[in-house]
Amino acid sequence: MQAVLLASGQNTRVRHIHPGLPKVMFPLNNRPYLDYYIDTLFEEGISELIIIVYHLSGIIKEYLSDRPEIKTGKIKIIKRRPEYGPVGALADIENMLQEKFFLFYCDTLFKTNLKEAYKKLDNSHFEALTLLTRDEFEMWDNMEIKIDEQV
């Protein structure tokens, strides 16, 4: 199973907390938040992780350079173009993507059964599957989710 982690934000809302660090490098119990994300994804069965970076990307690349998954190619770090947002960055790496992959924003850490989710998607006629979490902060109250079937 393949996953893409979008970790290329500019930290505009939280940059004051840890100036000079990308959000995924903010410390959580003396480890960067990114470590927990990577560990969780591999524990859940991800075999390849593509991390799309931009803001302060050198810090992320330097930190991950010693991880064994970098050396074996299980983790690939791609710097997105300055003029691209997340969708453009995905289009830019289209040739690297498997037919089915997970896409995550680095903002929410989770624990779920990705193998089961992948199996459900594999056994359905849907081309996309969205995993949602309870929004305790009411950030998404006005959003609507719609699933379109291909006919």
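**Aromatic contacts, sheet order and backbone conformation**

Tyr-33, Tyr-37, Phe-102 and Phe-104 form one aromatic cluster in this predicted model. The count of aromatic pairs comes to 3, and one of these is the pair of Tyr-33 and Tyr-37, whose ring centres lie 6.1 Å apart with the planes at 75 degrees. Because planes over 60 degrees apart count as edge-to-face, the pair of Tyr-33 and Tyr-37 is assigned to that class. A description of this kind rests on the distance of the centres and the angle of the planes. Both tyrosines belong to helix H1, which spans residues 33–43, and they are separated by 4 residues, about one turn of the helix. Tyr-33 and Tyr-37 are both buried.

Aromatic rings also take part in two arrangements with arginine side chains. The charged end of Arg-31 sits over the ring of Tyr-36, at 4.4 Å from the ring centre, and the charged end of Arg-80 is placed over the ring of Tyr-54, at 4.2 Å from the centre of that ring.

With regard to the strands, 4 of them form an open sheet in the order E5-E4-E1-E6, and the pairing is parallel. The edges of this sheet are strand E5, covering residues 75–79, and strand E6, covering residues 102–105, each of which pairs on one side only. Neighbouring strands of the sheet are turned against each other by 20 degrees on average, with direction ignored. In general, the strands of a sheet pair through backbone hydrogen bonds, in either a parallel or an antiparallel manner. Within the present sheet, strand E1 (residues 2–7) and E4 pair in the parallel sense over 6 bridges, and Ala-7 stands opposite Val-53 in E4.

Two residues call for comment on account of their backbone conformation. Most residues other than glycine have a negative phi. For Asn-29, by contrast, phi is positive, near 55 degrees, and the residue is located in the loop between strand E2 (27–28) and strand E3 (31–32). Asn-29 has a relative accessible area of 66% and is therefore classed as exposed, the threshold for that class being over 50%. Leu-56 likewise has a positive phi, near 55 degrees, and is found in the loop that runs between strand E4 (48–53) and helix H2 (57–64). With a relative accessibility of 33%, Leu-56 counts as partly exposed, since that class lies between the limits of 20% and 50%.

The surroundings of two further residues, Val-14 and Pro-27, were examined through their contacts. Val-14 lies in the loop between E1 and E2, where its relative accessibility of 23% makes it partly exposed. When residues up to four places away in sequence are not counted, Val-14 touches Lys-23 and Phe-26. Pro-27, for its part, is found in strand E2 and, at 45% relative accessibility, also counts as partly exposed. With residues up to four places away in sequence again left out, Pro-27 touches His-18, Leu-21 and Pro-32.

Note on methods:
Residues are numbered from 1 along each chain as its sequence is written. This is a predicted model: local features need pLDDT of at least 70, side-chain atom pairs count only at pLDDT 80 or more; totals for chains, interfaces and linings use all residues. Side-chain values use heavy atoms; hydrogens and water are left out. Helices (H or I, at least four residues) and strands (E, at least two) are DSSP runs, numbered from the N terminus. Buried means under 20% relative accessible area, exposed over 50%, partly exposed in between (1.4 Å probe, protein chains only). Rings of Phe, Tyr and Trp (its six-membered ring) pair if their centres lie within 6.5 Å; planes under 30 degrees apart count as stacked, over 60 as edge-to-face and the rest as tilted. A charge sits over a ring if NZ of Lys or CZ of Arg is within 6 Å of the ring centre and within 35 degrees of the ring normal. Contact means heavy atoms within 4.5 Å. Two strands pair if DSSP finds at least two bridges between them. Axes are lines fitted to C-alpha atoms, for helices over the stretch in contact, and angles run from 0 to 180 degrees between N-to-C directions.
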